[in-house]
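Visitor: Could you take me through one part of this fold up close? I'd like to hear how the helices pack against each other, and what the cysteines are up to.

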Amino acid sequence: MIKTDRVETDEKLREIAELAEKIWHEFFPGIISEEQIDYMVEKFQSYDAMKEQTLHQDYCYFSVSDNDGICGYFAVKPEKDNRFFLSKIYLRSDKRGQGIASEMLNRVFSEALNSGKTSVYLTVNKHNEHAIAVYRKKGFEIIDSVVTDIGNGFVMDDYIMEYKL
Ligand SMILES: CC(C)(COP(=O)(O)OP(=O)(O)OC[C@H]1O[C@@H](n2cnc3c(N)ncnc32)[C@H](O)[C@@H]1OP(=O)(O)O)[C@@H](O)C(=O)NCCC(=O)NCCS
């Protein structure tokens with residue numbers, strides 16, 4: 001049984017930061033360098049970064065737990081226009097392949113609809129084949145690609161994918 005909760009406390013956000021660090025170092029080697037992983041975790045997924053996002057940038061984090069505790073999370077942000085940004089979606093490796101991501105995406109879609117939005121978009125590394133396959137299966141389409149300079153000599157080489165609500 002999966003439980004999805006809006007993250008309201010610093011304690012939960014710290015748990016998410018811990019999980020993010022584990023997942024990134026487990027999943028992204030082979031796609032980006034260890035140096036880039038360290039840099040991106042610190043810049044986007046550390047407790048301080050996520051606290052800033054939630055306090056000043058309209059991000060909202062959700063934790064996903066089962067009987068064993070927290071096993072995943074996602075973060076969303078309503079844009080000023082009619083789009084809803086799915087900024088992050090991550091599951092611990094032992095919880096993948098069980099359809100949990102579909103439940104998470106359904107929650108994202110309902111949050112977007114509740115905010116009056118007409119589409120959900122995300123960015124995904126061009127070499128993250130599994131995530132791209134999952135997003136396609138759930139109805140997202142690639143609408144663009146973008147290379148973003150994130151500093152320190154690193155770039156994010158992404159597709160932009162969109163789901164029309
Ligand atoms: C991306 C992620 C959250 C997806 O979770 P998951 O557990 O692997 O996905 P699920 O098994 O729940 O699959 C979701 C759906 O995609 C389908 N799917 C999975 N792999 C597929 C494939 N290779 N081709 C087509 N469909 C696929 C599943 O059948 C399921 O659809 P259904 O529920 O309608 O049957 C998870 O793999 C993850 O955390 N990966 C590491 C981090 C990451 O890449 N995050 C995204 C960054 S943009």
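Guide: Sure, and keep in mind that this is a predicted model. Let's start where α1 meets α2: on the α1 side you'll find A17, A20, E21, W24 and H25, and they touch E34, I37, D38, M40, V41 and Q45 of α2. Sort those residues by class and you get six nonpolar, two polar and three charged. The two helices pack at an angle of about 160 degrees, with their axes 10 Å apart. Anything over 145 degrees counts as roughly antiparallel, so that's the label for α1 and α2. Their crossing is right-handed.

Now stay on α1, which covers residues 10–27, and look for α3, residues 47–56. The axes of α1 and α3 come within 9 Å and cross at roughly 130 degrees, which makes this pair oblique. Here, too, the crossing is right-handed. The residues doing the touching are D10, L13, R14, I16 and A17 from α1, and Y47, M50, K51 and T54 from α3. That contact breaks down into five nonpolar, one polar and three charged residues. Keep an eye on A17: it's in this set, and it also turned up in the contact with α2.

That leaves α2 against α3. Helix α2 spans residues 34–45, and its axis comes within 5 Å of the α3 axis, with a crossing of roughly 35 degrees. From α2, the contact uses E42, K43, F44 and Q45, while α3 brings in Y47, A49, M50 and Q53. By class, that's four nonpolar, two polar and two charged. A couple of α3 residues do double duty: Y47 and M50 sit in this contact and in the one with α1. On the α2 side, Q45 belongs to this contact and to the one with α1 as well.

As for the cysteines, a disulfide is a covalent bond between the sulfur atoms of two cysteines. Search the whole structure and you'll find zero of them. Take C60: its closest cysteine sulfur is in C71, 18 Å away, which is too far for a bond. Coming from the other end, C71 has C60 as its closest partner, at that 18 Å distance, so no bond there either. Both side chains are tucked away, too: C60 is buried with a relative accessible area of 13%, and C71 is buried at 0% relative accessibility.

Technical notes: Residues numbered from 1 in each chain as written. Predicted model: local features only at pLDDT ≥ 70, side-chain atom pairs only at ≥ 80, totals over all residues. Heavy atoms only, no water. Disulfide = S-S within 2.5 Å. Buried < 20%, exposed > 50% of the residue type's maximum accessible area, 1.4 Å probe, protein only. Axes fitted to C-alpha atoms, helices over the stretch in contact; angles between N-to-C directions. Helix = DSSP H or I, 4+ residues; strand = E, 2+ residues; numbered from the N terminus. Parallel < 35°, antiparallel > 145°, perpendicular 65-115°, else oblique. Left-handed = near helix turned anticlockwise from the far one by under 90°. Contact = heavy atoms within 4.5 Å. Nonpolar A, V, L, I, M, F, W, Y, C, P; charged D, E, K, R; others polar.
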